[in-house]
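Okay, thanks for coming, everyone. I'll put the structure up now, and then we'll walk through a few parts of it together.

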Amino acid sequence: MRKNIFIILTLLMTTAVQAQTSPSYDEIKTKIHHIAEVYQGHNLNNEQALVIVLQRLCDYYQGRMSQQKYKVIAADINMMKAKATDIEQIRKIEKALQTLQSKTDTLDIQQRILDYYQKVPQEQIYVHTDKPYYVPGDTVWFRAHLVDAVTHTPISRSRYVYVELRDQHGDTLVQRIIIKCDSDGVFANAITLPHDIKGGCYTLAAYTQWMRNFPAERFFYKQLFVIGNQPQASLEFSAGKVGLYLRETQTLVPVNSPLQIGQRKGQLLIQLNKPTDEPLSCVLYGSGNLIVADYTQGKVLRIDSQSLCPGSLRVAMVNRQTGNIIAESQTFIEGDTPQVTISGKAQSDNDPMELNIDIADAEGKPLNGKFSLSITDYNVVNPDTLQPAIDKYLGRQPTDYSLANMLTGTYPRIDYSFQTSQTISGSINSTLLKKVKRPKLMLIHPETGLRETFELGDSTRFTINGLDYPDGTTYLLEGMRRTGSPRLVQLDIDPMTFPVLHPTFNVHSNATLSEREPSTFNVPESFVKQAKEQVMYGSVDREIELPEVVKEKKRQRKENRMKIEPFKALYDNPRLNNFNSMEILLNTLGLKVGRDEDNSYKISSWTLANIGPLIYIDDVESNAEELMFLEPANIMSIEYFKHNDSRLLAYRWDGPTKGVLSVYLKPGYTGRRGKPLSMATIHQQGWKPNVEFFSPQYTDKSQKARPDHRTTLYWNPKVTTDANGKASVKFYASDISKRYLVTLEGVSNDGTIVHQQQVIE
């Protein structure tokens, strides 16, 4: 019995001492057997051993052992108590049990937080754009860096990222695109600014469907400046100086917090200046950190700063028995800056350039990852000092993790799952207001000929998962009864929904002066001219205005209702056969196609923003959705009467303010009109196919066909470092560039945030 008691005591002492360095369970067992062999046969005073156990548990224990291990220790001491006979020894054992009881009755704080992280993971997005300001018609190249909010490691649990361009207050949608991650998990694409966009400040927002489960303030927001054309009325804006008013997001740190936090000589110092008799644990979490340490009232808890991951760190004092939060505060841990070297020699006059990139952590260990890189003309593009770079944004952006919710197991309502595919949902109903029993649904993809029928069982609701389609894809759906008959069946499709955005900044808004912090940066006057030339001679996503149709012979056309000459028209069938989409056909007539807030088609004039013409198909009033469904080859004639044509007044239409678009179809073709209620044509917004940055190659300068005044000389959203942390890029200089602003941003595979910006001259 004495031998068994001795081994148990050895276990207690070894476990308590080693808990300060958190060894593995196997390491503890190995040490136990070793010590047992060394001291076997020696006399040991049980009272002295218990005193040592109490001392280790009460004074030196750092709270890094799981609650289950505490229960094992308590069970061993209970076994000692059952075998003890000496009264004083029993008293010592009971005292040890009381000490351990406070541990076994506590919440397993660390495990609860880890469980919460696993069940409610959060995402963060940072968007790197090629430059901070643009001109109308310019292309915004961007990479969305999607990371885990806790570890900052790159993730692609969500396969789609939504990017929206809105006005400065986030109220009016200018453009929305969906981008899909590539095979390497990279989200990158481009937005082409409309040629008629007004100059001013715009909001670029990015989010995933999963992020919609949390406040919209946590979406990514960035200011985007457009120089040129008529400025927005509420923003004083001109080339030469850009003004931005930023307001810091509300901090979660109480002004007079009793929890004092300081950093000195490589240590984080934590002290609670509030008298309490409660058993406390200090919880440190955020930015990849999770430490739970017992806290003794009145003392200073010291944590080695080198053991902490850099970034925003939350610190809380928690009653380890009840889970009540006594005090909470927040601090920031500065990390060592990664070692990034970008070397190369500046060239001009269309000569080739090569930049060598070397990325390592602060200790010189190579960093592997896929980073975004922009190279701009430093003479016309100044660094963006108004908005945080990726290291400041991801490091300081708080998450929506509530410690109280984590400790109590209060989980948020999850309405949106990780979007791994696209879906179409709706319901099949009866036109007689009766439930359709065991309905069927047929899905048709006209382009591929796919035809699949689904049985819905007892449900009238359906959701088609597993779809993955680019923008412009058309699906046909038909609802049927279980017999396959569509008679008296109505198919209702759920529209796509989008969140209401809440930008976390104010730009020249109605905020009080105390909320505004004005900052300005200069835009070189030469930027506008140079950027417009880039737009003129660019080759990616640019829109070319085709000349008007030259009348080679008298046109044969069907008489329109107004019997007046249209502004633009097409009548000959062979020409109409050459258009592969209605969007291109309408662009030729001087009309642009977009989408509204409900993702429905919107047709408007290039010169009259947000106002579209009245649409008539075969003299019957129609709408943009029906028009976009048509095939150009099925159109006999199409005529566009501009909004300012006073001759339209004679027909008592709203033509003078909106214009009229008149379409006549070929005989026998009726389009969508007359389509049964059991059928639906789906034109939901899909992902935008990836576009590649065009970088000219001047292998033979004599073959050069046009001027090269690029403001963005090179853009690569996926610069991949090798095992040694190295990469290289090659491009050609423009006609006039001599100095280059290089910006490298991203997150390595292990979660190290990298930002480097320098000038190559």
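Before anything else, one bit of vocabulary: when I say two strands pair, I mean that DSSP finds at least two bridges between them. Keep that in mind for strands β4 and β7, which run antiparallel and are joined by six bridges. Within that pairing, V163 sits opposite A206 of β7. And please remember that what you're looking at is a predicted model.

Right, the overall picture. The protein chain has 761 residues, and 50% of them count as buried. It contains 13 helices and 38 strands. If you take contacts between residues at least 6 apart in sequence, 72% of them join residues at least 24 apart.

Let's stay with β4 for a moment. How many of the eight residues of β4 are buried? Eight of the eight, so the strand is largely enclosed by the rest of the structure. β4 also pairs with β5, again antiparallel, this time over seven bridges. One example there is Y162, whose bridge partner in β5 is I178.

That brings us to the core. The largest nonpolar core has 44 residues, and the ones touching the most other members are I125, V127, V161, V163, I179 and L394. Which elements give two or more residues to this core? They are β1, β3, β4, β5, β6, β7, β8 and α7. If you'd like to zoom in on one residue, try I179. Leaving out neighbours within four places in sequence, I179 has contacts that include F142, A144, V161, V163 and F187. R159, Y160, A188 and N189 are also among the contacts of I179.

Now a helix. Look at α6, residues 109–119, where I109, I113, Y116 and Y117 are buried. Why do they line one face of the helix? Look down the axis of α6: the buried residues fall within an arc of 100°, so they end up along one face. Over on the other side of α6, Q118 and K119 are exposed. As for what the buried residues of α6 pack against, that's β12, β13, β15 and α8.

Next, a sheet with three strands. This one is open, its strand order is β17-β18-β36, and the pairing is antiparallel. β17 and β36 stand at the edges with a single partner strand each, so one side of each has no neighbour in the sheet. From one strand to the next, the twist averages 15°. As general background, strands of a sheet pair through backbone hydrogen bonds, either parallel or antiparallel. Here, β18, residues 352–360, is joined to β36 by seven bridges. If you want a pair to click on, E354 has K730 in β36 as its bridge partner.

Last stop, a single residue: D492, in strand β25, which covers residues 489–493. Its relative accessible area is 28%, and buried would need a value under 20% while exposed would need one over 50%, so D492 is partly exposed. Setting aside residues up to four places away in sequence, D492 touches G426, S427 and N429. With N429 there's a side-chain polar contact of 2.8 Å. The side chain of D492 also makes a polar contact of 3.0 Å with the side chain of Q490. And R461, 31 residues away from D492 in sequence, is 9.6 Å away in space, C-alpha to C-alpha.

That's my tour, so over to you for questions.

Conventions
Residues numbered from 1 in each chain as written. Predicted model: local features only at pLDDT ≥ 70, side-chain atom pairs only at ≥ 80, totals over all residues. Heavy atoms only, no water. Helix = DSSP H or I, 4+ residues; strand = E, 2+ residues; numbered from the N terminus. Axes fitted to C-alpha atoms, helices over the stretch in contact; angles between N-to-C directions. Buried < 20%, exposed > 50% of the residue type's maximum accessible area, 1.4 Å probe, protein only. Contact = heavy atoms within 4.5 Å. Polar contact = N/O pair within 3.5 Å; in protein donor to acceptor, adjacent residues only side chain to side chain. Arc of directions from axis to C-beta. Core = buried A, V, L, I, M, F, W, Y, C linked by side-chain atoms within 4.5 Å.
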